[in-house]
Protein chains: 2
Amino acid sequence: MGLTKTDSFTNKQNEMAAVMKALAHPARIAIVEHLLKVNNCVCGDIVDVLPLAQPTVSQHLKELKNAGIIKGEIEGTSICYCIDPDNWQKFQKTINALFSKYNIQKAKCC
Amino acid sequence: MGLTKTDSFTNKQNEMAAVMKALAHPARIAIVEHLLKVNNCVCGDIVDVLPLAQPTVSQHLKELKNAGIIKGEIEGTSICYCIDPDNWQKFQKTINALFSKYNIQKAKCC
DNA sequence: TTCTTTAATCGTAATATTGCAATGAATAAA
DNA sequence: TTTATTCATTGCAATATTACGATTAAAGAA
């Protein structure tokens, strides 16, 4: 069906999956990495850095924005994108909470 | 096109995206959480825990296995799945490397 | 052997994603 | 005003994902 049964899972599980999904594409990883590297806000030259057409990049930016990972502000004729500080730290904690649940001592695997 | 231009990105970016993609579904998050909770290996009762039909769960397990997140061993008539210890720690480091790149002091956002 | 159990695979339908050319909206420059 | 510039949106084609019924394969029990 191509339609996820979100109703059947908890909010946390759906939120976690949503963040992962937003980062589940090399172009979006590349965008985030670039924004992290430039550190202060950067405008639409993200398009120049990526090997994709402008509409495609715009689409990826939209998905990252919808997920709350980045935010953008109008600056004259161009738009300034940057990592959303609060959400970035929140997501880091969420993901770390999952990964750190692993107890390598107790976990006697097959 | 629905076809990701993987060639245009680095191996690291593609690998990172692949791990994220494997966890980009609430059912797969739920599977991982369950395996983390049970700690030692657990067999096909994952199907009982999830609100999905057996073939669907099997499909999700396959994707997690392909991504290297879990591994399975035949145990009589049933199969025992568990988190892959080495990869789990590797993925944690990879993701942490991305998230910790953020310098909240330097990052003067819009 | 036959029957049961467990889980993968096949086949299919519905929906989502990816990518881009073309277009549109908004501001700046001439 | 007209013309660029910058970026979002639209519309479309190609491919991927999600879900499940039906079937299959493998191992154990009867």
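Me: Hi! Which N or O atom sits 3.2 Å from a sugar or linking oxygen of DNA strand C?
Reply: Hi there! That atom is in the side chain of Thr77(B). Just keep in mind that this is a predicted model.

Me: Noted. What about the phosphate oxygens of DNA strand C, which residues have polar atoms by them?
Reply: Two to look at. His60(A) puts a polar side-chain atom 2.9 Å from a phosphate oxygen of strand C. Ile79(B) uses its backbone instead, with an N or O atom 3.2 Å from a phosphate oxygen of that strand.

Me: Which elements give two or more residues to the surface near DNA strand C?
Reply: From chain A there is α4 (54-66), and from chain B there are α4 (54-66) and β2 (78-83). The biggest giver is α4(A), with five residues.

Me: How many residues surround strand C, and which are the closest?
Reply: There are 28 around DNA strand C, and the closest are Met1(A), Met1(B), Gly2(B), Ser58(B) and Tyr81(B). Of the strand C atoms that come within 4 Å of the protein, 58% are accounted for by sugar and phosphate.

Me: And how does that surface divide by class?
Reply: Near DNA strand C you get 10 nonpolar, 13 polar and five charged residues.

Me: Let's switch to DNA strand D. Which residues come nearest there?
Reply: Met1(A), Gly2(A), Ser58(A), Tyr81(A) and Met1(B), out of 28 residues around strand D.

Me: What share of the strand D atoms within 4 Å of the protein is sugar or phosphate?
Reply: 55%, and the rest of those atoms belong to bases.

Me: Which residues have polar atoms by base nitrogens of strand D, then?
Reply: Gly2(B) is one of them, with a polar backbone atom 3.1 Å from a base nitrogen of DNA strand D. Gln59(B) is another, and there an N or O atom of the side chain is 3.3 Å from a base nitrogen. On the phosphate side, the Lys21(B) side chain has an N or O atom 3.0 Å from a phosphate oxygen of strand D.

Me: Which elements give two or more residues to that surface?
Reply: Chain A supplies α4 and β2 (78-83), and chain B supplies α4. Here α4(B) gives the most, five residues. By class, the surface near DNA strand D has 10 nonpolar, 13 polar and five charged residues.

Me: Changing topic to helix packing. At what angle do α2 of chain A and α1 of chain B cross?
Reply: Roughly 115 degrees, for α2 (residues 26-38) of chain A and α1 (residues 11-22) of chain B, with axes that come within 8 Å. The two helices are therefore roughly perpendicular to each other.

Me: Is that crossing left-handed or right-handed?
Reply: The crossing of α2(A) and α1(B) is right-handed.

Me: Which residues meet there?
Reply: On the α2(A) side, Pro26(A), Ile29(A), Ala30(A) and Glu33(A); on the α1(B) side, Gln13(B), Asn14(B), Met16(B) and Ala17(B). That contact divides into five nonpolar, two polar and one charged.

Me: Last one: how do α2(A) and α4(A) cross?
Reply: Their axes come within 10 Å and cross at roughly 75 degrees, which makes α2(A) roughly perpendicular to α4(A). Ala27(A), Arg28(A), Ile31(A) and Val32(A) from α2(A) meet His60(A), Leu61(A), Glu63(A) and Leu64(A) from α4(A). By class, this contact has five nonpolar residues, one polar and two charged. You may recognise His60(A) from earlier, as a polar side-chain atom of that residue lies 2.9 Å from a phosphate oxygen of DNA strand C.

How values were computed: Residues numbered from 1 in each chain as written. Chains lettered and ligands numbered in written order. Predicted model: local features only at pLDDT ≥ 70, side-chain atom pairs only at ≥ 80, totals over all residues. Heavy atoms only, no water. Near = heavy atom within 4 Å. Polar contact = N/O pair within 3.5 Å; in protein donor to acceptor, adjacent residues only side chain to side chain. Helix = DSSP H or I, 4+ residues; strand = E, 2+ residues; numbered from the N terminus. Nonpolar A, V, L, I, M, F, W, Y, C, P; charged D, E, K, R; others polar. Axes fitted to C-alpha atoms, helices over the stretch in contact; angles between N-to-C directions. Parallel < 35°, antiparallel > 145°, perpendicular 65-115°, else oblique. Left-handed = near helix turned anticlockwise from the far one by under 90°. Contact = heavy atoms within 4.5 Å.
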